[in-house]
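Q: Could we go through this structure together? I'd like to start with a helix contact and then move to the cysteines.

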Amino acid sequence: MLNCKEFTLLAAKMEEEKQPLSVRFNFAFHKLLCKSCASFVREFKFLSQKLKLERNIHRLTDMQKEKIIAQLETASAS
Amino acid sequence: MENAKKWVEDYGDILLSYTLSRISNSSDAEDLVQETFLSAYKNRASFKGNSSEKTWLIAILKNKIIDYYRKNANGKKEFSASDKIEDTFFDATGHWAQTYNQFNTDTDAEQLQKELLGIVDNCKDKLPENFKAAFTLKYYEDLPAAEICKVLGISSSNYWVLIHRAKLVLRDCIDKNWKA
């Protein structure tokens, strides 16, 4: 049976690669018995959905904006 | 150029926020936003309007961020076998060494989610560079493992170890900072 260290390593692979049936069975069995590892999987599933969301929390300063606009104007003139 | 001001006003903050959630160095982030606008301007004829201008600009920026990680990964050592970070989290039998405090994933409350994501962003920024690169490209940019290995110039087995360690360290940081 998998231990928690092996399970959490496998968890990342399971997000992307289809594993053999025996591996999936061991994974599911461990997850059923271990609340901590089940939480670990649930938490990263949640994060993988949320981390891609747009976060409009930073603002360019007026000086930064002017610098970019000036560069674009230079590019347009050349 | 009449569009320049409007572009920067409309999309500057969006592009900066996108970049800063993926790259912690604010000066590099500003440079990438600037380069994105310049590339978009030079290639504006290729914009066919099949997607929104914002989607197009973010696609350009996304490639620049991947290039940024590619350049920064060049020549860096991956990690040594003695970097046994896992031993901090697991006991000799491979089970969790400490009580696992799960965090609440059932919340739909926007404010709580925002706070949590802020904590995750901060925790991610504290990761070692190679952990941060792998984690960002996987969880923020949604790149497949094979692509990330190419970008970072690492083997598949090293990649899984990096992601595993990044998740453990990040999870620990969230646990220490998130109290909901």
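Q: Which residues in H3(A) and H5(B) meet?
A: The model is a predicted one, and in it A:Phe46, A:Leu47 and A:Lys50 of H3(A) meet B:Gln113, B:Leu116, B:Leu117 and B:Val120 of H5(B). The residues of this contact divide into five nonpolar, one polar and one charged.

Q: And at what angle do the axes of the two helices cross?
A: The axes of helix H3 of chain A, residues 35-50, and helix H5 of chain B, residues 110-125, cross at roughly 95° and come within 11 Å. Because angles of 65 to 115 degrees count as roughly perpendicular, that is how H3(A) lies relative to H5(B).

Q: Switching to cysteines, how many disulfides are there over all chains?
A: The count comes to one disulfide over all chains, formed by B:Cys123 and B:Cys173, whose sulfur atoms are 2.1 Å apart. The pair links distant parts of the chain, with B:Cys123 in helix H5 of chain B and B:Cys173 in helix H8 of chain B (residues 156-177), 50 residues apart.

Q: Is that disulfide left-handed or right-handed?
A: The torsion about the S-S bond of B:Cys123 and B:Cys173 is about -75°, so the disulfide is left-handed.

Q: Are its two cysteines buried or exposed?
A: B:Cys123 counts as buried at 3% relative accessibility, and B:Cys173 is buried too, with a relative accessible area of 14%.

Q: What about A:Cys34, which cysteine sulfur is nearest?
A: The nearest is that of A:Cys37, 3.6 Å away, and A:Cys34 is in no disulfide, since a disulfide needs cysteine sulfur atoms within 2.5 Å. A:Cys34 is itself buried, with a relative accessible area of 14%.

Terms used:
Residues are numbered from 1 along each chain as its sequence is written. Chains are lettered from A and ligands numbered from 1 in the order in which they are written. This is a predicted model: local features need pLDDT of at least 70, side-chain atom pairs count only at pLDDT 80 or more; totals for chains, interfaces and linings use all residues. Side-chain values use heavy atoms; hydrogens and water are left out. Axes are lines fitted to C-alpha atoms, for helices over the stretch in contact, and angles run from 0 to 180 degrees between N-to-C directions. Helices (H or I, at least four residues) and strands (E, at least two) are DSSP runs, numbered from the N terminus. Angles under 35 degrees count as roughly parallel, over 145 as roughly antiparallel, 65 to 115 as roughly perpendicular and the rest as oblique. Contact means heavy atoms within 4.5 Å. Ala, Val, Leu, Ile, Met, Phe, Trp, Tyr, Cys and Pro count as nonpolar, Asp, Glu, Lys and Arg as charged, and the others, Gly among them, as polar. Buried means under 20% relative accessible area, exposed over 50%, partly exposed in between (1.4 Å probe, protein chains only).
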